[in-house]
Amino acid sequence: MWDYQIWKLIAIALIFFMQAGFAMCEAGFTRAKNTGNITMKNLMDFCLGTVTFILIGGPILCAENAIAGGMFGEVGQVYKNMFGDGADWVGWTDFIFNLVFCATTATIVSGAMAERTNFKAYCIYSMIISAIVYPVEAYWNWGVGNNGWLQQLAENWGLLDDGTAQGFIDLSGSCSIHMVGGLTALIGAWMVGPRIGKYVRDENGKVVKINAIQGHNILMGALGVFILWFGWYGFNPAACTKWDGYEGMGQVFMTTTVSAALSTVTVMMITWIKNKKPDVSMSLNGSLAGLVAITAGCSRVDLIGAIAIGVIAGIILTFGVEFFDKVCHIDDPVGAVSVHFLNGVWGTLACGLFATNTGLFYGGGFAQLGIQAIGVVSVCAWTAAWAFGVFGVMKLIKRKDGVTPFLRATPEEEIRGLDITEHGLETAYAGFQMAPQSFDYSDAVNQVEGTVPVSEAIDVKTMPDVDNIKPGDNVITKIEIVCKERMFEALKTELMNIGITGMTVSHVMGCGLQKGAPEYYRGIKVEPTLLPKIQVDIVVANVPASKVIETARKVLYTGHIGDGKIFVYNCLDVIKVRTGETGKEALVDVE
């Protein structure tokens, strides 16, 4: 008894450590400007989840006496055991065990909705998952004394006596944890919408181009996957009550390892054949897909079953990611939906095929597969109802701008990055300069959100009297525009629309004190630091300088201090080196 309890506490620690894996995997697969936000979300998944699980979720899941046909349990005794006079509950190990499982369910959603979700909204739905969604459906499967209605199906239908079926098989949560988190992630990613710049649409709204928004640190993502794999050696065998033999820890370690490895190899081979090179990030997703798929039946399948489950998990993962991205146009930055939802469903159903005692391929007939299918459908229905309800309300509620749903970050917040806008964190990598990504944000950034006048937001320095300059006047003007990196694509497009076909673009670093609220890190005011900017140099003669200036101001203006600066100079002459032409003639093929 004691050795089992000690092992279970060790497993709890391993499962908790998986939070670090989720955080690193999600951060590595997304952009650097959101690393702090992702770290905060994965931290609060567990901490807020702990609060709500203690107050609401835990008593629901740990209730002993089933009511309503095994849909719920009586929670009163649990509260008394936890908070009553002289409370000394013997079930604390199981309580914490269920708590860390609950936190895993909540954190899955974070990856699919990363980089564009309002932090307040995230905290709310994370707490709802921990308070209601997970505890109720987990009780159906893991209720104390197997009192949940899913576990009672085989007995109620008289299938236990003839050995054609067991209760619902989901040892460690392919269904109750991963499928639930993955389905919530799918609905959330669809309802919050894609990241700005991910899909390019024509005037009819049809997607004509899909941009690959690469993660900023594949090594961090890989380390996260290795940590998750390591944590799975606590996640899957935690419920085992013996060391070896059927349903023993040795069997679970073996099936877990084999399924993950075979899934990874499968994904590598498919991407190698399709893309002519093996895909690193997809192969990492393949490892997680194999782990998710084997989680339900890890103690009930043999080596052959583990191999089959892993191979099919890799196939599902590869084509699932492409289906959601290219066909459904649902933006899932880390592949969470394909990893957790699709393979959660597959892993749960696979128990009805490969369970050595009752599986279809082992002579058990269709009874076990039917029970598994009923579990999948019922848990999906419960989860989807809550997800659509919660996210739907959050979409109806508008933020202060009256346009952006409460569920989503504003365009300005998303483009600048959630680190600085949500948490006042200038960068998660102080001292490092990150490479800019060039997406056309013009549809989003033209929204004016601030109240700072144009003259303050975008300074025009040493501006000559250019308003009276007309085409044909023998005047040459150099215009230097300094702006934020994310604004360049929109600026370039608009300048070309007014006839500017040549420009010199440089990456520069800017440093200066700006008006407005200071930012703080760990309570200390952040001093001015070098920030990456774009400098665009243009020389014009036939295009009026005033037109260039007004176009730039219109594109760059968002109503905030620091939108940009424009410097205007009179040029004495321009000389084209190749032909020796001077003056306006030297600019003919540039403007």
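This report covers the overall fold, cysteines, aromatic pairs, salt bridges and one surface patch of a predicted model.

**Overall fold**

The protein chain contains 19 helices and 11 strands. It has 591 residues, of which 55% count as buried. Contacts reach far along the sequence: among those between residues at least 6 apart, 78% join residues at least 24 apart. The exposed area of the protein chain is about 25700 Å², and carbon and sulfur atoms supply 63% of it.

**Cysteines**

The structure holds 0 disulfides. Cys380 shows the geometry. Its closest cysteine sulfur belongs to Cys175, 6.9 Å away, which is too far for a bond. A disulfide would need the two sulfur atoms within 2.5 Å. Cys380 is buried, at 15% relative accessibility. Cys47 is partly exposed, at 36%.

**Aromatic pairs**

The whole structure has 17 aromatic pairs. In one of them, the ring centres of Phe53 and Phe95 lie 5.3 Å apart; the planes meet at 50°, so the pair is tilted. Phe53 sits in helix α2 (residues 35–62) and Phe95 in helix α4 (residues 92–112), so this pair ties together parts that are 42 residues apart in sequence. Both partners are covered. Phe53 is buried at 0% relative accessibility, and Phe95 is buried at 2%.

Phe95 also pairs with Trp92. Here the centres are 5.8 Å apart and the planes stand at 85°, so the arrangement is edge-to-face. Trp92 and Phe95 are 3 residues apart in helix α4, a separation of about one helical turn. Trp92 is partly exposed, with 36% relative accessibility.

Elsewhere, ring pairs link Phe97, Phe101, Trp142, Trp232 and Phe235 into a cluster.

**Salt bridges**

Side chains of opposite charge can pair when their charged atoms come close. The structure holds 14 salt bridges. The table gives examples.

| Salt bridge | N to O distance |
|---|---|
| Lys274 and Glu322 | 2.8 Å |
| Asp563 and Lys484 | 3.9 Å |
| Glu489 and Lys492 | 3.4 Å |

What does the salt bridge between Lys274 and Glu322 tie together? Lys274 lies in helix α9 and Glu322 in helix α11 (residues 303–327), so the pair connects parts that are 48 residues apart in sequence. Lys274 is partly exposed at 36% relative accessibility. Glu322 is partly exposed too, at 25%.

The bridge between Asp563 and Lys484 joins two loops. Asp563 lies in the loop between α19 (545–556) and β11 (564–570), and Lys484 in the loop between β6 (477–483) and α18 (488–497), so the pair ties together parts that are 79 residues apart in sequence. Asp563 is buried, with a relative accessible area of 1%. Lys484 is buried as well, at 14%.

Glu489 and Lys492 bridge within helix α18, where they are 3 residues apart, or about one helical turn. Are these side chains buried or exposed? Glu489 counts as buried at 16% relative accessibility, whereas Lys492 is partly exposed at 25%. Beyond such pairs, salt bridges that share partners join Arg31, Glu115, Arg195 and Asp331 into one network.

**Surface patch**

Val265, Met269, Trp272 and Ile273 make a nonpolar surface patch of about 400 Å². Trp272 belongs to helix α9 (residues 249–275). Trp272 is partly exposed, at 41% relative accessibility. Helix α9 also holds Lys274, the partner of Glu322 described above.

Notes:
Residues are numbered from 1 along each chain as its sequence is written. This is a predicted model: local features need pLDDT of at least 70, side-chain atom pairs count only at pLDDT 80 or more; totals for chains, interfaces and linings use all residues. Side-chain values use heavy atoms; hydrogens and water are left out. Helices (H or I, at least four residues) and strands (E, at least two) are DSSP runs, numbered from the N terminus. Buried means under 20% relative accessible area, exposed over 50%, partly exposed in between (1.4 Å probe, protein chains only). Contact means heavy atoms within 4.5 Å. Accessible areas come from the Shrake-Rupley method with a 1.4 Å probe; for residues, only the protein chains shown count as cover. Patches are made of residues with over 30% relative accessible area and no salt bridge: like charges are joined within 9 Å, nonpolar side chains (Val, Leu, Ile, Met, Phe, Trp, Tyr) within 5 Å. A salt bridge is a side-chain nitrogen of Lys or Arg within 4 Å of a carboxyl oxygen of Asp or Glu. Rings of Phe, Tyr and Trp (its six-membered ring) pair if their centres lie within 6.5 Å; planes under 30 degrees apart count as stacked, over 60 as edge-to-face and the rest as tilted.
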